[in-house]
Every structure is written in structure tokens, then in C-alpha cells.
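Subject: Structure for you to look at

Hello,

Here is the structure I said I would pass on. Please open it and keep it in view while you read the notes below.

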Amino acid sequence: MDEQIKRISLAKKITDSTSSNIPKDIMNMPVHNLAYIGDAVEHLFMRTHFVSATQLRGAKLNSIITGFVNATAQADSVKALDDFFTEEEKDIIRHARNTKITSLPRNANKMDYHYATAFEALLGALFLKGDEERICQILSEVIKLHESDNDNENTDK
């Protein structure tokens, strides 16, 4: 996890050097902007994790990562980790989840998309606050959840 924190910290340093316009009150930022940043953070974390942890390449690697960064998986993660989030994080999630959405992706229902946007907004907010350690904790829990779900599916067969 320390290696992940270093990589995210590098991305944060790049952001700090290129933008001094990040609002002090992240809750006033448009939710879709937070989600946009959070989406990039999650993709970078997952790609880095699976490139480092596996020998997979190409389509197989992309397939595994897509299993984590799609709206349904993100919605499931937010719901499953509810007790793991702090009250402040739950406020960000609640605020983002209740934001009006004007378009839906092809492969997600409306409620999952709301939860997925909330999850990405949380990651974006944590990133902009500089809380790389918490991002790593949350996304490590997401990986554990996904792995335990896969273990359960394999034992059910």
C-alpha cells in the first residue's frame, strides 16, 4: 500500500503545481467535477495495483479492471462499505448521490449510476484534500470485497 500512496502522492504533486484554484470547500465544487477526478484516481489505483500484483496483460488486465470501475461494481462497493466510511465521507456520498443526473450510461441503471457517481465524487474529494492514505484504504477494501465476492461465487458452483 505504501507504493500506491507514493504514486498517488506524485499525481497530487502534479495537480498542486498546475492548479492553485482548488476550492477550500470541496463540498461547493460541482459533483460531476469531483466524480471526474475520482474516476481518474480509481482507474490509476486499479491499474497500478493489478499491473504490480499480477502478470496479466492486455485484454485480460483490462477486463479485470473494468470489473472494478463500472457503475454496478462501484454502487455495490459504496453500499457494502457504508460502515467503513466516516461521517464526513457519508455526507459527501449523500450529497453526490442526490445530485441531478442528466444522462445515463448504457450499462447502468439510474440508481447504480447515482451511487457510482457518489463513490467517484468521494474519491475526487479525498484526492483534492490530499488524503491519499484514505483513498488507498478505501480502494484496498474494494479489492478485498471483490475478491471475497469472487471466492463466494466459486464455492457456490
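A helix here is a DSSP run of type H or I with at least four residues, and the helices are numbered from the N terminus. With that in hand, aspartate 112 can be placed: the residue sits in helix α6. Please keep in mind throughout that this is a predicted model.

The chain as a whole

The chain has seven helices and zero strands. Read from the N terminus, its elements therefore run α-α-α-α-α-α-α. Of the 157 residues in the chain, 39% count as buried. The accessible surface comes to about 9300 Å², and carbon and sulfur atoms hold 49% of that. If you take the contacts between residues at least 6 apart in sequence, 73% of them join residues at least 24 apart.

Helix α6 and its partners

Start with helix α6, which covers residues 110-129. Helix α5 (residues 87-97) packs against α6 at an angle of about 130°, and their axes are 8 Å apart. An angle from 65 to 115 degrees would count as roughly perpendicular and one over 145 as roughly antiparallel, so α5 and α6 are oblique to each other. Their crossing is right-handed. On the α5 side, the residues in the contact are Glu88, Glu89, Ile92, Ile93, Ala96 and Arg97. On the α6 side they are His114, Tyr115, Ala118, Ala121, Leu122, Ala125, Leu126 and Lys129. Sorted by class, this contact of α5 with α6 has nine nonpolar, one polar and four charged residues.

Helix α4 (residues 71-80) also packs against α6, at an angle of about 70° and with the axes 7 Å apart. That makes α4 roughly perpendicular to α6. From α4, the contact takes in Ala71, Thr72, Gln74, Ala75, Val78 and Lys79. From α6, it takes in Asp112, Tyr115, Ala116, Phe119 and Glu120. The residues of this contact of α4 with α6 divide into six nonpolar, two polar and three charged. Tyr115 is named in the contact of α6 with α5 and again in the contact of α6 with α4.

Two residues of α6

Is aspartate 112 buried or exposed? Its relative accessibility is 10%, and under 20% is the cut-off for buried, so aspartate 112 counts as buried. Leaving out residues up to four places away in sequence, aspartate 112 touches Ala71, Thr72, Ala75 and Lys79. These four residues are also named on the α4 side of the contact with α6.

Phenylalanine 127 lies in α6 as well. With a relative accessible area of 5%, phenylalanine 127 is buried. Along the chain, phenylalanine 127 and valine 41 are 86 residues apart, yet their C-alpha atoms are separated by 7.6 Å.

Helix α2 and its partners

Helix α2 covers residues 31-53 and helix α3 covers residues 58-66. Their axes come within 10 Å and cross at roughly 130°. That makes α2 oblique to α3. The crossing of α2 past α3 is right-handed. Met46, Arg47, Phe50 and Val51 of α2 meet Leu61, Ile64 and Ile65 of α3. By class, that contact has six nonpolar, no polar and one charged residues.

Alanine 35 is in α2. Alanine 35 is buried, because its relative accessible area is 5%. Which residues does alanine 35 touch, not counting those up to four places away in sequence? They are Thr117, Glu120 and Ala121. The C-alpha atoms of alanine 35 and alanine 96 are separated by 8.6 Å, while the two residues are 61 residues apart along the chain.

One residue of α7

Isoleucine 143 belongs to helix α7, residues 132-156. At 6% relative accessibility, isoleucine 143 counts as buried. Leaving aside neighbours within four places in sequence, isoleucine 143 is in contact with Phe45, Met46, His49 and Phe68. One of these, histidine 49, is 94 residues away from isoleucine 143 in sequence, with 9.6 Å between them in space, C-alpha to C-alpha. Met46 is also named on the α2 side of the contact with α3.

Regards

Conventions: Residues numbered from 1 in each chain as written. Predicted model: local features only at pLDDT ≥ 70, side-chain atom pairs only at ≥ 80, totals over all residues. Heavy atoms only, no water. Axes fitted to C-alpha atoms, helices over the stretch in contact; angles between N-to-C directions. Helix = DSSP H or I, 4+ residues; strand = E, 2+ residues; numbered from the N terminus. Parallel < 35°, antiparallel > 145°, perpendicular 65-115°, else oblique. Left-handed = near helix turned anticlockwise from the far one by under 90°. Contact = heavy atoms within 4.5 Å. Nonpolar A, V, L, I, M, F, W, Y, C, P; charged D, E, K, R; others polar. Buried < 20%, exposed > 50% of the residue type's maximum accessible area, 1.4 Å probe, protein only. Areas by Shrake-Rupley, 256 points an atom, 1.4 Å probe, with all protein chains shown as cover.
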